Each structure stands twice: as structure tokens, then as C-alpha cells.
Amino acid sequence: MELVCPAGTPAALRAAVDAGAHTVYCGFADETNARNFPGLNFSREELADGVAYAQTRGAKVLVAINTFPRAGEQMLWHDAVRDAADLGAHAVILADLGLIAHAAEAHPGLRLHLSVQAAAANPDAINFYAQTFGIRRVVLPRVLSVEEITAINREIDVETEVFVFGGLCVMAEGRCSLSSYATGLSPNMNGVCSPASHVTYSDIGGNHEARLGDFLIHRTPKGMPVPYPTLCKGCFTSPDDKGNSQTGHIFEDPVSLDATRLIPALQKAGVSALKIEGRQRSRAYVAQVVRAFRAAVEAAEQGAPMPEGLLARLTEGQAATTGAYAKTWR
């Protein structure tokens with residue numbers, strides 16, 4: 001199976017390729033991609049260099065243009081698709097229906113992948129995109145079990161790509177009303193979830209407090225690590241079913257997806273590509289995760305046992321989950 005790895009910077013791209021990535025995905029330094037954070041992403045010149053670096057080492061580059069264009073500003077997104085094609089990207093990853101239609105019409109030779117942001121989670125939706133626009137691959141939402149992925153693959157003729165490591169989102173793949181409400185910036189339109197421009201830290205009463213907008217997300221004793229204030233992973237006080245106050249992670253626990261042990265099952269389900277989340281991460285993180293998953297993919301090809309426990313230190317909160325793949329709550 002193809003290993004699709006994140007690159008938030010040119011250095012991370014080189015690290016991913018050198019560590020064994022078959023494919024690297026990245027985005028331009030603007031709101032056309034869903035990781036529009038300061039200090040991340042690529043200029044046009046950097047992307048050209050990155051494509052050349054990857055291609056000379058047998059790897060491919062995908063460009064994520066996976067936010068939804070603002071009314072009257074579509075040219076920014078149209079230009080991104082054109083430039084990705086001109087600079088030699090293997091494919092573009094798109095979510096917006098209108099942008100997909102534009103790309104299919106204006107760039108008929110460009111390979112199109114359907115972003116997880118499109119939330120296509122059944123054969124009818126996927127086949128519509130494939131038959132109407134020529135979509136070649138769909139990135140499946142992180143809400144499906146292995147059995148559901150197997151059923152989907154029986155009824156479609158396009159490749160499927162699934163996430164196997166990294167952050168999880170409790171919303172419908174990034175459509176976060178929580179972050180939008182707290183900051184006024186949309187993850188799907190501005191490309192920023194819990195943007196750093198709206199984060200503040202302060203020392204109050206012997207504690208470190210982290211806020212997103214006007215909302216207190218974490219209160220941490222001095223000397224303890226202070227988490228980044230992502231609203232869905234904050235600690236809040238809420239009533240339990242008996243009306244008593246309780247404090248904890250009421251939306252989502254700070255854990256990472258790690259589906260290493262499920263790789264053989266995903267392979268049997270017909271999955272074509274395994275995706276690692278983490279374009280905000282350092283090149284050292286990227287290199288270590290890619291090496292571990294390249295070893296796992298090669299073990300799966302040989303029918304060998306999956307290596308486990310290699311990435312425990314890199315998971316959020318040093319805890320991991322298989323997420324919806326197992327759906328143990330059902």
C-alpha cells in the first residue's frame with residue numbers, strides 16, 4: 001500500500017522522502033489549504049523544488065487545495081489548482097464541488113483526489129464524484145469501520161485512502177463550529193482550527209491558563225506541560241447525569257489515532273493508500289513516524305506481524321486509539 005505522508009515545510013518534505021514516504025502531501029501558504037498556519041506551507045518556488053526533490057528519489061507530491069472558496073474570491077483557488085498542475089504535482093486534493101468542477105474542466109490531464117473534507121462516506125457519493133468529475137481517489141472520513149470500508153470498496157472503482165496516524169477531529173471532518181464560534185475563523189474556509197492569533201497564555205494564582213478567544217481551555221499547575229488550547233480537547237466543567245459538577249475532556253480526549261495493528265485488515269479491505277496526519281509537526285516527528293509506518297507497510301506486504309509501540313511517545317497525551325475503525329462503543 002502507498003504511504004502518504006505530511007509536509008508542512010520544505011524541510012519536512014525532504015525528511016519524509018528520505019525516511020521512505022511513497023508520497024508527500026502539502027499546501028500553498030494561503031487559505032486554499034486546511035492547515036493555513038503561520039510558518040507553515042509552501043511558496044510556489046518551494047513547491048517546485050520539493051516536487052523535483054521527491055521525483056528524483058521516486059516519490060510523488062500531492063497538493064491539498066481542500067478549503068471552500070469564498071464568494072467572489074474563487075480566483076485564489078483557481079490559481080492554486082493551475083499552479084499545482086504547472087509545477088508538476090502528481091495530483092490535487094480537493095473538497096469543494098465547484099472547484100472540483102473547475103479543475104476537471106480547465107485541467108483535464110490533472111489527477112484529482114477527493115479530500116476527506118468532502119466527507120464522502122458511501123458508494124453513491126463516491127461514484128457521483130468519479131463519474132461526474134473523474135475523481136481517481138477518495139480520502140475516506142475517519143468515521144468508518146473496517147467492515148464499512150470493505151463494503152464501500154466492493155461498489156466503487158476508485159482508489160481509497162484512509163488515515164492511520166495523527167490527530168482526530170470530533171466534527172464532520174473539520175467542519176468545526178466550535179473553533180469558528182470562538183475565533184470567527186473557519187477551518188473549512190480560512191484553513192485554521194484554533195488559530196495561534198487567537199491564543200493567549202497567562203499565569204494566574206499559581207496556574208498557567210490557556211485561552212482560545214474569550215474561552216478558558218486549560219488551567220494547568222505550574223511546572224506541568226501546557227497543552228495547545230484546541231477547543232474540542234479542552235477541560236471543562238459540566239453537570240453529570242445527577243446534576244453534580246464534573247471536570248474533564250467532555251468533547252474529546254487528547255489522544256492520537258494509531259491504526260498500525262489494523263494495516264493488514266485495511267489491506268484486505270481493499271485500501272490503496274495509508275495517510276499520516278501532521279503537517280503542523282516538526283521534520284524530526286515526520287521522519288520518525290514515516291520510518292515506523294514504512295516498516296509496517298513492508299511487514300504487511302510480507303505477511304509479517306505488525307510492529308507496535310514504536311510511536312507511543314509521539315502520540316498526543318502519550319495515548320492512542322483506533323478511533324472509529326473498531327467502533328467499540330456500538
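In this predicted model, Arg57 lies over the face of Tyr53, at 3.5 Å from the ring centre. A second contact of this kind involves Lys275, whose charged end sits over the ring of Tyr25, 4.3 Å from the centre of that ring. Lys275 is buried, with a relative accessible area of 5%, and this residue returns below as a salt-bridge partner.

Turning to ring-ring contacts, the structure holds 5 aromatic pairs. One of them joins Phe128 and Phe133 in an edge-to-face arrangement, with 6.0 Å from centre to centre and 90° between the planes. The two rings make a nice contrast in accessibility: Phe128 counts as partly exposed at 40% relative accessibility, whereas Phe133, at 15%, counts as buried because the limit for that class is under 20%. Tyr129 belongs to the picture too, since Phe128, Tyr129 and Phe133 form one aromatic cluster.

The count of salt bridges comes to 15. Among them is the bridge in which the side chains of Lys60 and Glu2 meet at 3.7 Å, N to O. This pair links distant parts of the chain, with Lys60 in strand β3 (residues 60-65) and Glu2 in strand β1 (residues 2-6), 58 residues apart. Here, Lys60 is partly exposed, with a relative accessible area of 29%, while Glu2 is buried at 13%.

Another salt bridge brings together the side chains of Arg137 and Glu159, at 2.9 Å from N to O. Arg137 lies in strand β6 (residues 137-139) and Glu159 in strand β7 (residues 159-166), so this bridge ties together parts that are 22 residues apart in sequence. Arg137 counts as buried at 2% relative accessibility; its partner Glu159 is partly exposed, with a relative accessible area of 28%.

Strand β7 also supplies Glu161, which meets Lys275 of strand β14 (residues 273-276) in a salt bridge of 3.5 Å, N to O. Because the two residues sit in these strands, the pair ties together parts that are 114 residues apart in sequence. Glu161 is buried, with a relative accessible area of 1%, and Lys275, as noted for its contact with Tyr25, is buried as well at 5%. Salt bridges that share partners join Glu161 and Lys275 with Glu2, Lys60, Arg111, Arg137 and Glu159 into one network. Lys275 thus appears both in that network and over the ring of Tyr25.

Technical notes:
Residues are numbered from 1 along each chain as its sequence is written. This is a predicted model: local features need pLDDT of at least 70, side-chain atom pairs count only at pLDDT 80 or more; totals for chains, interfaces and linings use all residues. Side-chain values use heavy atoms; hydrogens and water are left out. Rings of Phe, Tyr and Trp (its six-membered ring) pair if their centres lie within 6.5 Å; planes under 30 degrees apart count as stacked, over 60 as edge-to-face and the rest as tilted. Buried means under 20% relative accessible area, exposed over 50%, partly exposed in between (1.4 Å probe, protein chains only). A charge sits over a ring if NZ of Lys or CZ of Arg is within 6 Å of the ring centre and within 35 degrees of the ring normal. A salt bridge is a side-chain nitrogen of Lys or Arg within 4 Å of a carboxyl oxygen of Asp or Glu. Helices (H or I, at least four residues) and strands (E, at least two) are DSSP runs, numbered from the N terminus.
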